[in-house]
Amino acid sequence: MRSRGSSNRLPNSGGFGFHSRISALVLSMFATMATIYVAARMWQDAESRVYLIQQLHTTTALGNSAVSVDNKLKVEACREQEHKLSALEMDLSAARQEGFVSKERSENDSTRSKKRRLAVIGIITTFGRKKNRDAIRKAWMGSGAALRKLEEKGIVVRFVIGRSANRRDSLDREIDNEHRKTDDFIVLNQVEAPEESSNKIKFFFVHAVESWDAEFYVKVNDDVYVNIDTLCATLSAHSDKPRVYMGCMKSGQVFSEPTHKWYEPDWWKFGDAKSYFRHASGEIYALSRALAQFISINRSILRIYAHDDVSAGSWFIGLDVKHVDERKFCCSPSSTG
């Protein structure tokens with residue numbers, strides 16, 4: 001019994017040794033994998049620590065006491081704004097040298113100057129004034145070949161009008177038909193209405209300066225007779241000045257009563273004396289190229305008032321502008337020059 005029992009225990013001893021070797025091998029594999037895992041994590045942690053140290057140094061140099069994604073984004077945003085401001089300062093410097101000329105215009109100025117005209121004249125008109133327009137064409141503006149010949153001499157003349165509040169109605173069609181026959185209109189994408197007169201003048205200068213390169217841009221009412229030769233001589237006498245605002249300079253009372261014909265909604269801005277600042281009378285006035293370009297560049301932020309001549313005068317307050325009180329421009333609504 002004992003010998004049988006002893007013989008029975010020997011195989012069990014051998015099996016136990018075999019399983020022990022397998023268990024040791026498995027444990028070794030697990031230990032190796034654990035070592036690799038721990039080493040990898042430590043390597044990643046080391047990289048993270050290096051990155052955080054670098055960021056800490058960067059933010060510390062900038063005066064920050066903590067590292068965060070928000071701070072990093074703020075720093076990048078500030079740097080981007082700094083670059084933009086530098087670019088704007090360069091544009092502003094170029095504009096100052098050329099009299100409010102933008103950088104693009106400054107670069108092309110030498111090329112365009114060869115084609116530069118003396119003046120672009122905008123005759124401000126409205127619906128129902130065809131008789132006035134025909135009289136002007138006959139008296140001093142000309143039409144067809146005569147108008148083109150005037151352009152060859154450096155004078156561009158166009159009637160300026162907006163669009164009806166009811167687009168494509170009979171008023172718009174009448175202007176379109178007249179324009180097809182005469183080809184002498186600037187039709188603005190602007191509602192034609194008395195209360196929009198200041199915007200109309202502003203966008204005339206924007207359109208004119210973007211369409212023609214000229215020394216001067218002139219606004220004229222459609223009931224004014226212009227002596228072209230006298231006007232050209234007057235403008236030429238001031239062509240050497242960079243920023244000229246020329247007209248029959250005046251001031252006048254600001255009316256605060258809503259029922260008054262010349263009511264000014266912003267009357268309180270003109271002080272207790274209720275007197276307008278000095279500005280050119282609205283019948284006719286001229287702006288040099290630099291000032292027209294200034295209007296074009298700043299069109300979206302220029303304040304307008306109830307009257308277009310006051311609005312134009314307000315745009316140049318605070319600028320280094322030469323106000324020329326030209327008495328030849330002081331006229332009744334019948335003639336000038």
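Select Arg116 to begin: in this predicted model the residue is buried, with a relative accessible area of 18%, which places it under the 20% cut-off for that class. Now add Glu215 to the selection, since Arg116 forms a salt bridge with Glu215 in which the closest N and O atoms are 3.8 Å apart. The pair links distant parts of the chain, with Arg116 in the loop between helix H3 (103-112) and strand S1 (117-124) and Glu215 in strand S4 (residues 214-221), 99 residues apart. Glu215, for its part, counts as partly exposed at 23% relative accessibility. A search of the whole structure finds 22 salt bridges, and the next stops visit further examples.

Select Asp184 and Arg137 together, and you will find a salt bridge whose closest N and O atoms are 2.7 Å apart. Because Asp184 lies in the loop between H6 and S3 while Arg137 lies in helix H4, the pair ties together parts that are 47 residues apart in sequence. Asp184 is buried, and so is Arg137. Widen the selection to Lys130, Arg133, Asp134, Arg137, Glu178 and Asp184, and you have a network of residues linked by salt bridges.

Glu178 leads on to helix H6, so named for residues 170-182, which has 13 residues and reaches 18 Å from its first C-alpha to its last, close to the 18 Å expected at 1.5 Å a residue. Which residues of H6 are buried? They are Asp172, Ile175, Glu178 and Thr182. If you turn the view to look down the axis of H6, these buried residues fall within an arc of 130 degrees, so they line one face of the helix. Behind this pattern is the geometry of the α-helix, which has 3.6 residues a turn, so residues three or four places apart point the same way. The face of H6 turned away from its buried side carries the exposed residues Arg180 and Lys181. To see what covers the buried residues of H6, display helix H4 (130-141), helix H5 (145-152), strand S2 (155-163) and strand S3 (185-191), which are included in that cover.

Both ends of H6 reward a separate selection. At its start, a side-chain oxygen of Asp169 reaches to within 3.2 Å of the backbone nitrogen of Leu171, and just after the helix Asp183 takes a positive phi of about 55 degrees. Then select Arg163 and Asp176, whose side chains meet in a salt bridge at 3.0 Å, N to O. Arg163 lies in strand S2 and Asp176 in helix H6, so this pair ties together parts that are 13 residues apart in sequence. Asp176 counts as partly exposed, at 24% relative accessibility.

Move next to Lys200, whose place is in helix H7 (residues 197-211). Is Lys200 buried or exposed? With a relative accessible area of 5%, Lys200 is buried. Leaving aside neighbours within four places in sequence, Lys200 is in contact with Ile124, Thr125, Val160, Ile161, Gly162, Leu188, Gln190 and Glu192.

The last stop is Asp309, which lies in helix H10 (residues 308-314) and counts as buried at 11% relative accessibility. Not counting residues up to four places away in sequence, Asp309 touches Tyr245, Lys250, His279, Ala280, Ser281 and Gly282. Finally, draw a C-alpha to C-alpha distance from Asp309 to Lys219: the two residues are 90 residues apart in sequence and 10.0 Å apart in space.

Key:
Residues numbered from 1 in each chain as written. Predicted model: local features only at pLDDT ≥ 70, side-chain atom pairs only at ≥ 80, totals over all residues. Heavy atoms only, no water. Helix = DSSP H or I, 4+ residues; strand = E, 2+ residues; numbered from the N terminus. Expected span 1.5 Å × (residues − 1). Buried < 20%, exposed > 50% of the residue type's maximum accessible area, 1.4 Å probe, protein only. Arc of directions from axis to C-beta. Contact = heavy atoms within 4.5 Å. Polar contact = N/O pair within 3.5 Å; in protein donor to acceptor, adjacent residues only side chain to side chain. Salt bridge = Lys/Arg side-chain N within 4 Å of Asp/Glu carboxyl O.
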